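Have a look at the sequence and the model below. The notes that follow cover helix burial, a helix pair and a few backbone spots.

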Amino acid sequence: MANMFDLTGKVALVTGASYGIGFAIAKGLANAGATVVFNDINAELVEKGIAAYKAEGIDAHGYVCDVTDEDAVNALVATVEKEVGVIDILVNNAGIIKRIPMCEMSAADFRKVIDVDLNAPFIVSKAVIPAMIKKGHGKIINICSMMSELGRETVSAYAAAKGGLKMLTRNIASEYGEFNIQCNGIGPGYIATPQTAPLRELQPDGSRHPFDSFIIAKTPAARWGETEDLVGPAVFLASDASNFVNGHVLYVDGGILAYIGKQPK
Ligand code: NAP
Ligand code: GCO
């Protein structure tokens with residue numbers, strides 16, 4: 001049974017993984033035996049990431065690459081294939097959010113979020129699939145969101161991107177399943193990372209941020225997720241244990257999507 005989850009001999013690329021969810025997932029894949037490759041948008045972040053992985057006893061390969069730049073992504077994949085090996089597992093993790101009321105949001109801001117959160121997973125997946133086909137297997141994991149299913153104020157671009165990413169996940173599964181490539185999504189709930197730090201900031205009087213209290217009431221687990229909560233699902237979807245799981249989004253949300261929310265006292 002343990003062998004089904006063993007990633008020894010596999011090369012995993014996790015995008016935007018100097019810290020946050022990507023870092024935790026990459027660490028988990030490494031601890032399951034994979035060789036970890038990650039990129040981030042600037043050299044400083046990549047250096048910090050390499051040091052952070054080393055501190056965990058992991059020799060990660062780090063590269064600077066903006067995932068929205070198709071030429072840079074193609075060059076990254078070619079370099080990784082030469083220096084490390086063919087990519088067996090891709091985790092499209094890099095992402096941004098801009099919390100702006102839709103009617104106040106510029107088209108440029110909307111396009112930027114779509115570019116990073118939806119166009120980039122398309123670009124990176126397109127870059128790795130041909131070698132996966134040649135190799136006879138591949139795993140692609142797209143980091144979706146509660147906003148792949150739900151909307152809320154100020155996140156129109158992000159929800160549109162993450163909803164599209166759910167359908168891109170299903171389409172890659174449909175188009176490349178016959179080549180033994182499985183493409184699935186992970187839909188994290190509300191996870192404590194720098195991206196959600198503004199939603200958890202203490203108020204001037206020391207009380208919890210209203211959104212923090214709201215999420216606690218909406219989550220049966222009555223807590224924010226930790227990045228470590230995503231590691232098991234990621235190892236499962238990256239391993240042979242999920243070879244007949246395709247086009248699925250695995251929500252790791254503490255039960256938010258199942259729950260109407262705790263009645264206010
Ligand atoms: P984060 O802390 O903001 O980290 C995102 C990472 O992606 C950062 O390292 C960031 O680099 C990098 N990145 C951004 N744009 C990039 C680009 N163009 N090219 C390369 N790297 C880029 O976010 P997180 O909370 O860990 O989230 C990671 C993923 O999970 C995202 O896709 C997010 O949408 C998704 N997610 C998060 C939550 C949550 O509650 N935190 C829940 C569901 C889904 P910089 O530091 O330079 O920006
Ligand atoms: C927000 C949050 C969420 C989380 C995550 C939830 O502003 O609502 O940032 O979007 O990042 O995507 O799954």
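Helix α7 (residues 231-238) has P233, A234, V235, L237 and A238 buried, where buried means under 20% relative accessible area, exposed over 50% and partly exposed in between, with a 1.4 Å probe and protein chains only. The cover over these buried residues of α7 includes α1 (20-31), β4 (89-92), β5 (138-143), β6 (181-188) and β7, contact being heavy atoms within 4.5 Å. Helices (H or I, at least four residues) and strands (E, at least two) are DSSP runs, numbered from the N terminus.

This is a predicted model, with local features needing pLDDT of at least 70, side-chain atom pairs counting only at pLDDT 80 or more, and totals for chains, interfaces and linings using all residues. Residues are numbered from 1 along each chain as its sequence is written, chains are lettered from A and ligands numbered from 1 in the order in which they are written, and side-chain values use heavy atoms, leaving out hydrogens and water.

**The α4 and α5 pair**

- The axes of α4 (residues 107-135) and α5 (residues 156-176) come within 8 Å and cross at roughly 15 degrees; axes are lines fitted to C-alpha atoms, for helices over the stretch in contact, and angles run from 0 to 180 degrees between N-to-C directions.
- That makes α4 roughly parallel to α5, a label for angles under 35 degrees (over 145 is roughly antiparallel, 65 to 115 roughly perpendicular, the rest oblique).
- The crossing of α4 past α5 is right-handed, meaning that the near helix is turned clockwise from the far one by less than a right angle (anticlockwise would be left-handed).
- On the α4 side, the residues that meet α5 include F110, I114, L118 and F122, while α5 brings residues including Y158, L165, L168 and I172.
- By class, this contact of α4 with α5 has 16 nonpolar, three polar and two charged residues, counting Ala, Val, Leu, Ile, Met, Phe, Trp, Tyr, Cys and Pro as nonpolar, Asp, Glu, Lys and Arg as charged, and the others, Gly among them, as polar.

**Positive phi in the loops**

- Most residues other than glycine have a negative phi.
- T154, in the loop between β5 and α5, has a positive phi near 75 degrees, and T154 is partly exposed at 24% relative accessible area.
- N180 sits in the loop between α5 and β6, has a positive phi of about 60 degrees and is partly exposed at 35%.

**Around G255**

- G255 is in the segment after β7 (249-252) and is partly exposed, at 21% relative accessible area.
- The C-alpha atoms of G255 and A221 are 6.9 Å apart, with their positions 34 residues apart along the chain.
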